[in-house]
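Student: Could you show me how to read the packing of helices, beginning with the terms and then turning to the case at hand?

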Amino acid sequence: MATTSPVGQKKPITVTGANLGDRIFASLTAIFAAVIILIVVVFGVVFTIGSWNAIWHNGLEFFTSFNWPDNGFDNPKFGALNYIFGTLVSSGIALLIGGFASIGAAVFLSEYAPGWLRTPLSFMVELLAAVPSIVYGFWGVQFLSGIMGGPEGVEQSLNNTFGWLPMFNNLVTTTTGRELKVAFNGRDILVASLVLSVMIIPTITSISRDVIRTVPDSQREGMLAMGATKWQSIRRAVLPFGQRGIIGAIVLGLGRALGETIAVAFLIGGASTLVGPQNTLLNRGETIASKFANNYNEISPADTNGFSSFLELGLVLFVIALLINILAQWLVTRSTAKSNKQTQQKKTLLTTVWKWLLLLLFPILVLMVSPFLSLAISLIIIVVWGFFKALRAYQVSMEEQNKHLPRPLELIANPDKSYNYRKFMNLFMQVLFVIALLVAIVPLAAILILVTTKGLPVLFQTDFLINDTSGRPLFGGAPTSNTGIAQAILGTGVLVALGSLIGIPLGILAGIYLSEYGDNKFGQLVRFTADVLQGIPSIIMGLFILTVVINTSLFVPGQKYNGWAGALALAIMMVPIITRTTEEILRLVPVSLREAGLALGVPKWKTTLTVVIPSAISGVITGVILGVARIAGETAPVLLTARGNDSFNGLNDQTPALTLIMYTYGRRPDTLSVDRSWGAAFTLMVIVLLLSVGVRYVTRSRIKASL
Amino acid sequence: MSEQQQAQAKGVVVQNLNAYYGKHQAIRNVSIEFKPNQIAALIGPSGCGKSTLLRNLNRMHEVILGARSEGKIFLGEQNILDKKTDPARVRQRIGMVFQKPNPFPALSIRENVVSGLRLQGEDNPLKLDRIAEESLQRAYLWDEVKDKLGEPGVSLSGGQQQRLCIARTIAVEPDVILMDEPCSALDPISTMRIEELMLALKLRFTIIIVTHNMQQAARVSDKTGFMLAGAERTGELIEYDDTKKMFTNPRDQRTEDYISGKFG
Amino acid sequence: MENLDNSMSEMIQPLATPFQLKALGVTETTLVETNEQTGTKVEVQDLNFYYGKFQALRRINMNIPTRRITAIIGPSGTGKSTYLRLLNRMSDLTPNSHVEGQIRLDGRDIFSSGLDPVELRRRVGMVFQRPNPFPKSIYDNVAYGPRMHGQRDKKKLDELVERCLRQAYIWEEVKDKLKISAAALSGGQQQRLCIARTIAVEPEMILMDEPCSALDPISTIKIEELMLDLRQRYTIVIVTHNMQQAARASDYTSVFMMAPDRAGEVVEFGRTRDVFTNPKNERTEQYITGRFG
């Protein structure tokens, strides 16, 4: 049976095999995946070209000066230092407070909470992740400001007690050297940071909780079986295992905080260009994102220098977001690489100090606001820690030489000390987690209650859901004096529906490509660009559409704001969310199921459509809902494109939206406007929550039936 | 090496143990005595409660939501099911090796071995090195890994990972080692290695092993217990005796049926 | 230390042997009826398989007989599963791999460009190590394959599902609950369901990759009985860790071993009884008697 030379007959293996249907399906999904790359490329080109003029014109002064003139007609230079500074400080504080609370809450929910508490709390956190950020901002203005500001407010007492700390000082210096007193009106960086903290809590908590739940029980049990306390098993088995996902969650939260426009714009609108970077947190400020929202009327292509400078500002925010993503990637890979390389070399004191310095780096950056304080605190920590380390090193060397320890050291080296210490830490951390949970849950519950109690009654005002804001009934009839928000509900519905129509198929097909065919260079590129796209702050996306669609009169002539552009911006916003969740969910479908399908002689594309996707359908739908809920609550991109309107005149005109009602009327002092905003907030929240709860319920019961 | 290995371990006595998952009773009224420095094997079909019994011995049973148990389990003089006993301390004295090797992926081989000591607050690098080497040698793994102690534990093969888990368990010098089907995920050669290892370890520890594999029970154990679940899926101890007697001349008909493969 | 080893082998030896003899005793009864020779279903010729640069299989030659059970045994990492997955080109899913040599199914090279791997897999079914039913109802699991191949007739599907479930010895246990999810079944039942699903597309050959390794002894015995029954209609190739299983439930046995460069090789192939009672290769003997290593 010896045939000649079968050896050496190489068979290159193609991923899709020879089946025609497979090839068509693979190419189809690849085309949709390529659209994502295309969007990001266009984005990059538009922003580079658009800001080119400003980059040369402003030069380095953009980063050193804090003077941002009202317009560029007299050829002045623009300086963005104030906004960059405000962005970093507010996001940093938000990350410290929100990050602590969320991770603590996530650990509590997945490790400590008794069964009866676990489900409702987790469900609530997930719901709150869908609440639009403008609701948080509105809550900040209407409620938190009131508590914090004023002569009786928290800020005043903070200043009274801690006024000696630079960050709670009440004096700011103007550029001319004059000292100004800060009015404690509750609209300042501190309050904005607090609102941001609360806002990012549900996001980080729900993702971290999911991550922690994926840690296999064998890991926990392995640690527990070695005699670990509960806290030790969390610290040494659960958290290291879930590290990658938790860092990812934090970065996502930080990204939201960085790009959050409206909540901040509500609170700290209009920093004075006369005041330089300030130590105090109790004065007004501005972040990059809020600058866009507060000055959206001035962003006009007619003012070449000004427009270009705004684009440059957007580019800077984008680069900051990108850098943070890259930093997180680096952190994750570094920790993996470190554990791979970790040999038994003894750590020198110097390397450990360096490690701790790195850990302290971030708080130090945040506390740069008050250099004196941060320096002192870190010095104290390092000295105390170094003392204990040295003590321990001495003790070890004594033990090694079999010498007796001096009496006081013996007390410390008492063998039961470690056991008692472990028991204490266990209890301590448990208490800490409960506190974290409270910090996370209480403000969130407060928001829900406040919006309901204030917003629900408004809906029962005459014609509130029938008339538009100019007083005309939406579906014809004579105008009355009763105004409502009907046109905004319709506008939001139309914008979201149109956005979803484009975004959902694009996102899902690209996600299918990534999970089923994406293990190659092209797939990596798509994945990277999808992440970049997701990291683009929503206001920048609005600016992008403004530049590409409206300024070029792409859909509607005459550089007119229109609904088509708004829907497009929303569609692009939701694509990366859907793509990445679809990909991740589909990857969770075990390979064995795919193989089972293939082994029955079913082509891969059919297996994908009939086995893989149905197995993961609830996850895919969750991703879609997340995307839809997200864009329904988006304000910034619609603000720059659709612009809002007091009546609904079709998509060719400026198009109204619920979020825009809140933004336009939310800060006005008169009752009518405030009522309108509460009503809009409540309606928006109900829509988003119904979306989440309803569809999730439907999928769950369907999955149950099929399982 | 020998002097240290010949130490006397403590035995475990179980009295009238009942264990539940929520409302479901998993094992009923089990009383059994595990003698020091012996290997006891628990055999029986799937779902007969042998793993549940094992997990009760170091209070890992209660880790599962809704699980609880009644009865007494004595390690030496101490009732470990007593409410006042800290489970973390029990687990320090009674180590456990799981069905699937579960080394900690974030830790290197060395760190995996000394993780138990680190939990107890030991951070003297010289001492840790010494114990890591000693434990790996006792787990017959030292020669295979001595040049790559810094690599992650999960880079080893399945059989090596399982021996790493055993090394990790013996590093804290427990009295008793529980093994829950330690070889079911391994190939025959790794299985053989682990069996050799168990026979060596019993000179120092009391070993209790749950296994599906009757040949394994016959090969390694001194005593064998046979468990069986009735219609309501509650496991009971049918017979517990010297291994030789169990396999050649069991008292109970059901034991004989199971061992001769007629069962089912 | 030496003392230890001695005492250990004393302990193992006398007990291990009766078990193996007993296991071999079973084969005597099962092998009686299969003495006549049948045709060759698959011819494997000079097969090499590489992951990147690493050679996983070297010069495999094997003629797999029609309607017989061929068992593949050997230590871990010798490429048994890799080999099995080549027989229906599931290996295509492995990135960075390539094949040399020929596998001829009924005389036709399965790697020839004209052959669609999808069609190949319909003819050569596979049962996996861990039961992997689809998250669908029991009925839909079995009906999935036929539906995908165009069978829409409800009545014919009903008949087919019943027939396959009966053939897989699971009909009696599930006939009243065909609409419930397959995930609710026990591991052994799931595995039999997977076998029913595989025979529903009427393959010519069934590959089994350690089908019993995740199951308890009683489920294992059921599956072995099922295999002996299925042999009348299908060619079966089974990879197993369990030598008793190979001895009990196969007609032919092939032993894979690792070469010094860690490539898998076939060191022995023949009638199961011959391989177990009179192995030609010394390493086979050592492996079978459990002394290997």
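Tutor: Contact means heavy atoms within 4.5 Å, and helices (H or I, at least four residues) are DSSP runs, numbered from the N terminus. This is a predicted model, in which local features need pLDDT of at least 70 and side-chain atom pairs count only at pLDDT 80 or more, while totals for chains, interfaces and linings use all residues. Residues are numbered from 1 along each chain as its sequence is written, chains are lettered from A and ligands numbered from 1 in the order in which they are written, and side-chain values use heavy atoms, with hydrogens and water left out.

Student: Which residues in H5(C) meet which in H7(C)?

Tutor: C:Leu160, C:Cys164, C:Leu165 and C:Gln167 in H5(C) are met by C:Leu193, C:Ala196, C:Ile199 and C:Ala200 in H7(C). The residues of this contact of H5(C) with H7(C) comprise 7 nonpolar, 1 polar and no charged, where Ala, Val, Leu, Ile, Met, Phe, Trp, Tyr, Cys and Pro count as nonpolar, Asp, Glu, Lys and Arg as charged, and the others, Gly among them, as polar.

Student: At what angle do H5 and H7 of chain C pack?

Tutor: Axes are lines fitted to C-alpha atoms, for helices over the stretch in contact, and angles run from 0 to 180 degrees between N-to-C directions. Helix H5 (residues 154-167) of chain C packs against helix H7 (residues 187-200) of chain C at about 130°, their axes lying 8 Å apart. That makes H5(C) oblique to H7(C), since angles under 35 degrees count as roughly parallel, over 145 as roughly antiparallel, 65 to 115 as roughly perpendicular and the rest as oblique.

Student: Where is the kink in H1(A) centred?

Tutor: The bend at a residue is the angle between axes fitted to the seven residues ending there and the seven starting there; in H1(A) a kink of about 45° is centred on A:Ser51.

How values were computed
Helices (H or I, at least four residues) and strands (E, at least two) are DSSP runs, numbered from the N terminus.
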